[in-house]
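Subject: Structure for your files

Hello,

Here is the structure you will be working with. Please look through it first; my notes on what was found follow below.

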Amino acid sequence: MMSNQDRQENESKQVAKNEDSINTKDFVIGALIGGIVGAGTALLLAPKSGKELISDINTQASQLKEKSSHIADTAKVKGTEWVQVAKEKSNEIVQSAKEKSSDLQQTVSKQSADMKDKIKQMTAKDDAVAEENAPTSEAEAQKRLEETKVAFDQTEEKVNQ
């Protein structure tokens, strides 16, 4: 088991790690923004004529437009790839579910058929036993009725005693 001190150290390390990743991300974002602002300031403050300045600004703007267009194209391609991967994975999941459903349906159908066969066999056995025990003639039925009456009378006498 971890002691409280170990837990606190682990939590401290996790917090420090999170802060480092946040600080690194903030630094990179700041560096990019600073670079853009610095480049713009350098363009505007450089000792150039108006035509040269406009030309430099247009060049920088077209380069920025090309870069953003390239980034947008890359994002579209990656997005399309991710959509395709997601479709493939969902199709695989659907196919797997269909196969498992089909297997389950076959298993249930087989077990249902087996149960129906067992019920038919049991019913056939019950019918056979009933036929064996059934009186075959009126005389035999009368004889069994009299035997049952005698057995009943004997039981009644025993109970009354």
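Does leucine 32 count as buried or exposed? Leucine 32 counts as exposed, because its relative accessibility is 57% and the exposed class begins over 50%. Please keep in mind that this is a predicted model, and that every value in this message is computed from it.

Leucine 32 is located in helix H1. Together with Phe27 and Val28, Leu32 makes a nonpolar surface patch of about 340 Å².

Overall fold

The protein chain has three helices and zero strands. Its pattern, followed along the sequence, is α-α-α. Helix H1 covers residues 4-45 and helix H2 covers residues 50-133, while helix H3 covers residues 138-160. The chain has 161 residues, and 1% of them count as buried. Its accessible surface is about 14,700 Å², and carbon and sulfur atoms account for 58% of that area.

Salt bridges

Side chains of opposite charge can pair when their charged atoms come close. Searching the whole structure gives two salt bridges.

One of them joins lysine 78 to glutamate 81, with 4.0 Å between the closest N and O atoms. Both residues belong to helix H2, where they sit three residues apart, about one turn of the helix. How accessible are the two partners? Lysine 78 has a relative accessibility of 39% and so counts as partly exposed. Glutamate 81, at 40%, is also classed as partly exposed.

The other salt bridge is formed by the side chains of glutamate 140 and arginine 144, at 3.2 Å from N to O. Why are these two separated by about one helical turn? The reason is that glutamate 140 and arginine 144 are four residues apart in helix H3. Glutamate 140 has a relative accessible area of 26%, so this residue is partly exposed. Arginine 144 is partly exposed as well, with a value of 33%.

Largest pocket

The volume of the largest pocket is about 340 Å³. Twelve residues line the largest pocket, and those nearest its centre are Ile36, Ala39, Gln60, Leu64 and Lys67. Two elements, helix H1 and helix H2, each give two or more residues to this lining. Which of the elements gives the most to the lining? That is H2, with eight residues. Sorted by class, the lining consists of seven nonpolar, four polar and one charged residues.

For quick reference when you open the file:

- Nonpolar surface patch: Phe27, Val28 and Leu32.
- Salt bridge in helix H2: lysine 78 with glutamate 81.
- Salt bridge in helix H3: glutamate 140 with arginine 144.
- Largest pocket: twelve lining residues, eight of them from H2.

Regards

Conventions: Residues are numbered from 1 along each chain as its sequence is written. This is a predicted model: local features need pLDDT of at least 70, side-chain atom pairs count only at pLDDT 80 or more; totals for chains, interfaces and linings use all residues. Side-chain values use heavy atoms; hydrogens and water are left out. On a 1 Å grid over the protein atoms alone, a cavity is a set of points where a 1.4 Å probe fits but cannot get out, and a pocket is an open set with protein on both sides within 12 Å along at least five of seven lines; lining residues have an atom within 4 Å of a point. Grid points are joined across faces, edges and corners, and a volume is the space filled by probe spheres set on the points. Ala, Val, Leu, Ile, Met, Phe, Trp, Tyr, Cys and Pro count as nonpolar, Asp, Glu, Lys and Arg as charged, and the others, Gly among them, as polar. Buried means under 20% relative accessible area, exposed over 50%, partly exposed in between (1.4 Å probe, protein chains only). Accessible areas come from the Shrake-Rupley method with a 1.4 Å probe; for residues, only the protein chains shown count as cover. Patches are made of residues with over 30% relative accessible area and no salt bridge: like charges are joined within 9 Å, nonpolar side chains (Val, Leu, Ile, Met, Phe, Trp, Tyr) within 5 Å.
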